[in-house]
Structures are given as C-alpha cells and as structure tokens.
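Reader: Hi! I'm in my first year and still getting used to looking at structures. Could you take me closely through the salt bridges in this one?

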Amino acid sequence: MDIRGETALGGLDFNDRELSDSIAMLRRLKSRQLLLLVALGETRSLRGAAAMLNMTQPTATKLLQDLERNVGLPPFERGHRGMQSTAYGDAIARHARLVLSDLYRTRLELQSLSLGGTAVPFNGVATFYTM
C-alpha cells in the first residue's frame, strides 16, 4: 500500500521529501523514548526518570541518545541543576503526551470492544460502553 497523502496519513499533505523524513523518524521512534521524555520533563533528572520508569540509568541514557540522534535537535540541556528542557524538548514532550494518551485510549477502546462493548465518539473523544 502506498503511504502518501490522505490515504495513510489522515489528510496530511507532505511532499515526497518531508514524507520520507517523517516516516524515517517515526520508524525509529520508540514508545519508551516518549515515556522517558515525559518523565525527564517531570523529574529533570536522568536518574529520577529512569527510576520512575523502572529502568536502569544506562538504559535511559541510551534511549535519550538514540532519540537525540533520531530527532537531530537537543531536547534537553544538561547542567549542574539537572536537565533543562529546550524549546525542542518542550515541543517533543507535548506531542509525546498526546501520542501516549492516544495509545492509552486505544488500549481502553480495544479492551472495551473485546468485552462486547462499543466505542461511541462524543465531541471527538470516544466514550466506552460495555453491554
């Protein structure tokens, strides 16, 4: 299936280069990186974020390095007072929260459907009913 234009990307209009770059970045992006970004924004500490996510600090460091390499922009500045989010980090974290929230709602909807319920859109938000 061709992943261009409205068919696969919900009406987003990308030129070929933008589409290729966006898809390449999304392929490398991991949900654990999104979780780490949100946790770093809250704790401002790699050690604290790792503990919050039940992972080791070296694992968190590797995830962050991979994310920085993937995005090509620094989401955080490191300093003696911990990690300070940059404008890039703020933007990525804001979108990470949206993506994680959508994934959580998707899981709830699938769970509801598997139990014989239905998902009813209400003002753009799915409300779940079980029968």
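Author: Sure! One definition before we start: a helix here is a DSSP run of H or I that is at least four residues long, and helices are numbered from the N terminus. Keep in mind, too, that you're looking at a predicted model.

Now for the salt bridges. The structure holds 4 of them. To count, a side-chain nitrogen of Lys or Arg has to be within 4 Å of a carboxyl oxygen of Asp or Glu.

Let's begin in helix H5, which covers 57-71. There, the side chains of Arg69 and Asp66 form a salt bridge, with 2.4 Å from N to O. Look at where they sit along the helix: Arg69 and Asp66 are 3 residues apart in H5, so about one helical turn separates them. Their surroundings are worth a look as well. Arg69 counts as exposed because its relative accessibility is 61%, and exposed means over 50%. Asp66 has a relative accessibility of 14%, so it counts as buried, the cut-off for that being under 20%. This pair also has company: Lys62, Asp66 and Arg69 are linked in a network of salt bridges.

Stay with helix H5 a little longer and find Glu68. Its partner is Arg78, and the closest N and O atoms of this salt bridge are 3.0 Å apart. Here the bridge links distant parts of the chain, with Glu68 in helix H5 and Arg78 in strand S1 (residues 76-79), 10 residues apart. If you check exposure, Arg78 has a relative accessible area of 53%, so it is exposed. Glu68, at 19% relative accessibility, counts as buried.

Next, go along to helix H6, residues 87-114. The side chains of Arg105 and Asp102 meet there in a salt bridge, at 2.3 Å from N to O. Arg105 and Asp102 are 3 residues apart, about one turn of the helix. As for exposure, Arg105 has a relative accessible area of 35%, so it is partly exposed. Asp102 is partly exposed too, with a relative accessible area of 41%.

So what should you zoom in on? Try Asp66 to begin with: it meets Arg69 in a salt bridge and belongs to the network with Lys62 and Arg69. Then follow Glu68 across to Arg78 in strand S1, and finish with Arg105 and Asp102 in helix H6.

How values were computed
Residues are numbered from 1 along each chain as its sequence is written. This is a predicted model: local features need pLDDT of at least 70, side-chain atom pairs count only at pLDDT 80 or more; totals for chains, interfaces and linings use all residues. Side-chain values use heavy atoms; hydrogens and water are left out. Helices (H or I, at least four residues) and strands (E, at least two) are DSSP runs, numbered from the N terminus. Buried means under 20% relative accessible area, exposed over 50%, partly exposed in between (1.4 Å probe, protein chains only).
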